[in-house]
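Please read this briefing alongside the sequence and the model. The points are grouped by topic.

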Amino acid sequence: MTYTIKALFLLIAAMATCSAAAQTPLSENERERALTEMRAYKHQFIAKELNLSKEQQSGFFPVYDEMDDKLMQINLETRELERAVNENKEASDTEIEAAATAIFNQKEREGKIENEYFDKFKEVLTPRQLLLLKSAEKKFTQRLVRHHRRLRQR
């Protein structure tokens, strides 16, 4: 899932780069629309990769999105803490260490959430589909990265 979160932010960064070049920042509505479109594309991609039935899709994606939202929230909180401490030139060593600890613990927090949701996914997905899920997420991220590179080369 970590790959997915990074992919989301890569796409947003790509869109922001294109937007910055045009001198018009993304509005909150545009950002939300882009995230919604990307989530829909991700659903299609994963459904195809895992060969999910319509019934499985209706049971899986609400739970998957719930997990993805929690993971994105952890990522956002960690980045905001890091930025706040980096921008505070008078931050104490204790504050800096707390931010560093949060950054280093981010993957552990994400792993706990992923393990929690793994049990929920087992109720909807077959063992083979569970096995393929991580691979599908990696493929999705790779596609986003390639797309981002193409945008940057323009």
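The notes below go from the whole chain to its helices and then to single residues.

This is a predicted model. The chain has 154 residues, of which 34% count as buried. Its elements are five helices and zero strands, so the order from the N terminus is α-α-α-α-α.

**Chain as a whole**

- Among contacts in the chain with a separation of 6 or more, 78% join residues 24 or more positions apart.

**Helix α4**

- Helix α4 covers residues 93-121.
- From first to last C-alpha, the 29 residues of α4 reach 42 Å, close to the 42 Å expected at 1.5 Å a residue.
- At Asn105, α4 bends by about 45°.
- The buried residues in α4 include the alanines Ala99 and Ala102. Gln106, Glu110 and Glu114 are also buried, as are Ile113, Tyr117 and Phe121.

**Packing of α3 against α4**

- Two packed helices are described by the angle between their axes and the distance between the axes.
- Helix α3 spans residues 54-87, and its axis comes within 9 Å of that of α4.
- The two axes cross at roughly 175°. Angles over 145 degrees count as roughly antiparallel, and α3 and α4 are therefore roughly antiparallel to each other.
- Sorted by class, the contact of α3 with α4 has 16 nonpolar, ten charged and three polar residues.

**Helix α5**

- Helix α5 runs over residues 127-153, and its 27 residues should span 39 Å at 1.5 Å a residue. The C-alpha atoms at its ends are 40 Å apart, which agrees with that expectation.
- A kink of about 35° in α5 is centred on Leu133.
- Leu133 is itself among the buried residues of α5. The other leucines on that list are Leu130, Leu144 and Leu151.
- Also buried in α5 are Gln129, Ala136, Glu137, Phe140, Thr141 and His148.

**Gln129 and Asn51**

- Gln129 is in helix α5 and has 6% relative accessibility. Buried means under 20%, so Gln129 counts as buried.
- Setting aside neighbours within four places in sequence, Gln129 is in contact with Leu50, Asn51, Leu52 and Gln56.
- One of these partners, Asn51, lies in the loop between α2 (28-50) and α3.
- Asn51 has a relative accessible area of 63% and is therefore exposed.
- Most residues other than glycine have a negative phi. Asn51 is not a glycine, yet its phi is positive, at about 55°.

**Glu95**

- Glu95 belongs to helix α4.
- Its relative accessibility is 39%, so Glu95 counts as partly exposed.
- Not counting residues up to four places away in sequence, Glu95 touches Val85, Asn88 and Glu90.
- Of these, Val85 is ten residues from Glu95 in sequence. The C-alpha atoms of Val85 and Glu95 are 7.1 Å apart.

**Glu55**

- Glu55 is found in helix α3.
- The relative accessible area of Glu55 is 68%, which means that Glu55 is exposed.
- Glu55 and Val124 are separated by 69 residues in sequence. In space, their C-alpha atoms are 8.9 Å apart.

Note on methods:
Residues numbered from 1 in each chain as written. Predicted model: local features only at pLDDT ≥ 70, side-chain atom pairs only at ≥ 80, totals over all residues. Heavy atoms only, no water. Helix = DSSP H or I, 4+ residues; strand = E, 2+ residues; numbered from the N terminus. Buried < 20%, exposed > 50% of the residue type's maximum accessible area, 1.4 Å probe, protein only. Contact = heavy atoms within 4.5 Å. Expected span 1.5 Å × (residues − 1). Bend = angle between axes of the 7 residues up to and from the residue. Axes fitted to C-alpha atoms, helices over the stretch in contact; angles between N-to-C directions. Parallel < 35°, antiparallel > 145°, perpendicular 65-115°, else oblique. Nonpolar A, V, L, I, M, F, W, Y, C, P; charged D, E, K, R; others polar.
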